[in-house]
Structures are given as C-alpha cells and as structure tokens.
Amino acid sequence: MADVAKSTPASGPLAGLRVIEFAGIGPGPHCAMLLSDMGADVLRVDRKGGNGWPNPVVDRGRATAVVDIRSAEGRAFCLDASDHADVVIEGFRPGVMERLGLGPEVMRKRNPRLIYGRMTGWGQDGPLASTAGHDINYIALSGALAAIGKPGAPATVPLNLVGDFGGGSMFLAVGILSALWERGRSGVGQIVDAAIVDGVASLMTMFAGLLPAGRISLAREDNVLGGAAPYYRTYLCGDGREISVGAIEPQFFAAFLEKLGLDAFLPDQHRKKRWRALTQSLEKIFLTHPRSYWTELFAGTDACVAPVLELHEAFSQPHLQARNSYEMRDGVMHAMPAPRFSRTPSAIRGSADGANLLAGWKAASSTEATAATGTHRVHEDQSDKPEEIDL
C-alpha cells in the first residue's frame with residue numbers, strides 16, 4: 001500500500017491553492033482535509049502538543065508549523081503566511097482571532113485577495129455567539145434532533161455527523177469555493193461565516209418545505225424517513241445484527257414483500273393503521289435468520305435492503321472495495337478523497353514542514369510578481385481592482 005508520509009504532488013482541481021489552517025477539532029480540520037485531498041497546499045498552524053485529538057486520517061496532507069500564536073514571533077509568522085495565502089480557516093470563538101491580532105481585518109488589509117473562513121457553531125453574531133456549545137446543542141436548536149428517535153424515548157444522537165460535518169465543514173467548504181469563484185471576477189476576497197446552526201437549518205429545508213403541504217411529518221410516530229414506516233427502518237436479525245430497509249417507492253416495496261412472501265401487505269404501504277401489523281410481521285421474520293442470510297436473499301434485487309455494517313466491516317465490503325473507497329496507509333484505514341474528478345483526480349497528500357512550505361509560497365510569489373506585473377497576488381501596496389488571473 002501507499003505510504004502517506006511520502007510527499008504526493010498536487011494533482012487535484014485545487015492544485016496551487018494556498019490554505020492556512022489554524023488547528024482545531026471537528027469541522028475545521030475536516031474542511032482542510034477536503035481541500036488538501038483536492039490538491040490545495042494546506043499550512044497547518046498548530047500549538048505545541050497538538051489539539052489533544054490527534055487523528056491520522058483527518059489530519060492528513062498538511063504541512064505543519066508549531067507556532068505560539070500568542071507571541072509576537074508567532075503572530076509575525078502567521079501574518080507573513082497570510083500575505084501569500086488564498087484562504088484562512090479558523091474555528092475559534094468570535095473575537096479570539098481579533099484579540100490575537102490575526103483577525104480578518106488585519107490579514108485582509110495586507111492581502112485583499114484573502115478569503116477568511118470562520119467555522120463556529122452559533123455564528124459570528126447573535127445572543128449565543130460567544131457561548132460554548134457542541135454538535136448536539138446546535139442540531140437541538142436547529143430542529144433536527146427532535147425528529148430523530150423513537151416515540152416516548154429520548155432523542156437519538158446521530159454521532160456528530162449532522163452538525164459538525166453535514167452542517168459545518170461541508171458548508172464551510174462550499175462557502176470557500178464560492179468565494180474563490182467570485183474572487184475570479186472581482187479580484188477581492190471576503191469573509192465566510194460558516195455557522196453549524198445555519199448549515200443544519202439548510203439541511204432541514206426539505207422537511208420544512210414539505211411540512212406545510214402535509215407531505216411529511218416530523219413526529220417520531222409518523223415520520224416516514226425517521227423509522228416510523230415499516231418500509232424505511234432497520235430490523236434485528238437472528239444473530240443480533242441489523243438489516244436496513246428503504247423500500248419507499250411502490251415498485252421497490254413490491255419487490256421487498258415478494259421476497260418475503262408478504263404480498264398481502266402490498267395495498268397497505270401508506271395505510272398508517274396497518275403499519276403496526278406489517279412491522280410486527282417483519283420483526284418476526286427477520287429474527288428467523290442471521291443477517292448474512294438476508295443479505296444474500298436480497299442481493300441484486302431492487303428491494304432496497306442492505307446490511308447494517310460496522311465501520312471495520314465496511315472496509316471490506318465488496319462494492320466499496322471495487323470503488324477503492326478505503327485504502328490502508330501506514331497501518332491506518334483511510335477513506336479515499338471524495339468526490340471524484342475525471343480529469344484532475346484528487347489524492348491523499350503527504351505531510352511536510354510548514355516553514356518549508358511557506359518558503360516555497362514566498363519564492364513562488366516573488367517569481368509571479370517578477371514575471372507578470374499586474375497579474376501577481378495583491379498585497380497592501382496594490383490596488384483592489386479586479387485582476388486577470390486564474391483562481
């Protein structure tokens with residue numbers, strides 16, 4: 001297998017993009033990983049001893065500089081790097097970077113083309129902006145958590161996938177890339193305020209849009225997509241493992257029932273008064289055989305049935321293996337870069353020294369300035385006029 005520690009030349013669609021990441025945990029590092037996988041040079045500014053959550057997968061593909069950003073020397077290093085960067089990613093509480101002298105106003109005055117990505121839970125303003133919080137709190141206030149779980153029981157916490165990553169890092173990445181696109185026309189960067197509460201609110205738009213028309217319910221006892229419907233939930237198998245069923249469309253529901261010999265229930269798919277009877281029948285049937293039996297029975301059908309795999313099982317799942325979705329590197333299983341590009345493929349890049357990367361940025365900036373007057377990167381002694389350069 002490949003060795004992630006060896007330097008991998010940038011080959012993705014973001015090759016040449018320069019990103020400064022102020023080390024943190026959760027969505028900020030995940031966003032930086034996505035950009036690195038797609039070819040960006042990511043300079044991680046880390047504290048001595050790290051952030052307390054070392055992660056060889058999420059932290060991959062960085063050039064790291066251990067810097068005390070509270071010191072004059074550390075501040076000077078960061079400002080110097082920002083002069084030659086395209087993007088900054090930081091995930092501190094509002095006001096922290098300003099107090100350190102590393103806020104967007106300072107950096108963007110020196111480098112007007114800079115895109116300053118801010119990742120928080122509550123956002124840069126509002127009554128809760130300065131208070132602590134975590135994924136569970138953000139999805140709770142955004143209306144998502146209440147809809148997840150069984151009736152009469154506490155809400156089910158969906159890991160930190162919905163808030164930190166679904167509503168956080170993915171929206172930060174979209175915001176950064178959108179700002180880069182706009183910069184191609186204006187020549188000027190901007191601040192991206194990515195708040196998890198905003199992202200989760202956006203993720204909930206399908207439900208918010210269907211609720212007024214009565215097309216869906218978020219009540220746990222009625223929510224078709226929340227496990228209330230017998231055709232969209234998981235079932236316990238005879239070996240204690242689970243199988244997932246997602247037979248929403250009539251033709252898929254018919255294929256599902258046909259395999260189980262339950263065709264008599266076909267007219268009852270949307271009759272909620274009959275859901276309990278069908279659910280009980282399915283619960284009894286699935287308990288008669290282990291998960292492997294049901295996986296084989298439904299293989300190759302359109303019944304929308306799949307085994308509920310643990311993460312270590314997913315690594316060796318045939319479809320995921322065929323797509324090379326995971327790969328072992330340095331003894332750790334890595335999810336391969338996503339999405340995939342036909343002409344400029346992404347790749348997991350190697351680690352590097354942050355000071356060396358910055359030296360390379362500075363040398364490249366000097367060459368660009370010498371080779372093409374008026375097309376090099378904007379700094380404080382240059383105008384804010386749009387420039388004829390590529391992203």
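Helices are taken here as DSSP runs of H or I with at least four residues, numbered from the N terminus. By this assignment, A254 belongs to helix α9. The model is a predicted one, and the values reported below are computed from its atoms.

Helix α9 spans residues 250-260. Its buried residues are F253, F256, L257 and L260. These four occupy an arc of only 90 degrees around the axis and therefore fall on the same side of α9. In an α-helix there are 3.6 residues a turn, so residues three or four places apart point the same way. The cover over the buried residues of α9 includes strand β8, helix α10 (272-286), helix α11 (291-298) and strand β9 (305-307). A254, also in α9, is partly exposed, because its relative accessible area is 27% and the partly exposed class lies between 20% and 50%. Between the C-alpha atoms of A254 and F286 the distance is 17 Å, at a separation of 32 residues in sequence.

Both flanks of α9 were also examined. Ahead of the helix, E249 sits in the loop that connects β8 (242-246) to α9. E249 has a relative accessible area of 35% and is thus partly exposed. The C-alpha atom of E249 is separated by 29 Å from that of F165, and the two residues are 84 positions apart along the chain. After the helix comes G261, with a positive phi near 70 degrees.

A nonpolar surface patch is formed by M170, F171 and L203, and together these residues have about 240 Å² of accessible area. M170 is located in helix α6, which covers residues 161-186. The relative accessible area of M170 is 40%, which makes this residue partly exposed.

With regard to cysteines, the structure contains zero disulfides. A disulfide is a covalent bond between the sulfur atoms of two cysteines. The cut-off applied to such a pair of sulfur atoms is 2.5 Å. For C31, the closest cysteine sulfur is that of C78, at 18 Å, and this is too far for a bond. The converse also applies: the cysteine sulfur closest to that of C78 is in C31, at 18 Å. C31 and C78 were further assigned by accessibility. C31 counts as buried because its relative accessibility is 0%. C78 likewise counts as buried, at 2% relative accessibility.

Technical notes. Residues numbered from 1 in each chain as written. Predicted model: local features only at pLDDT ≥ 70, side-chain atom pairs only at ≥ 80, totals over all residues. Heavy atoms only, no water. Patch = residues over 30% accessible without salt bridge, like charges linked within 9 Å, V, L, I, M, F, W, Y side chains within 5 Å. Areas by Shrake-Rupley, 256 points an atom, 1.4 Å probe, with all protein chains shown as cover. Salt bridge = Lys/Arg side-chain N within 4 Å of Asp/Glu carboxyl O. Helix = DSSP H or I, 4+ residues; strand = E, 2+ residues; numbered from the N terminus. Buried < 20%, exposed > 50% of the residue type's maximum accessible area, 1.4 Å probe, protein only. Arc of directions from axis to C-beta. Contact = heavy atoms within 4.5 Å.
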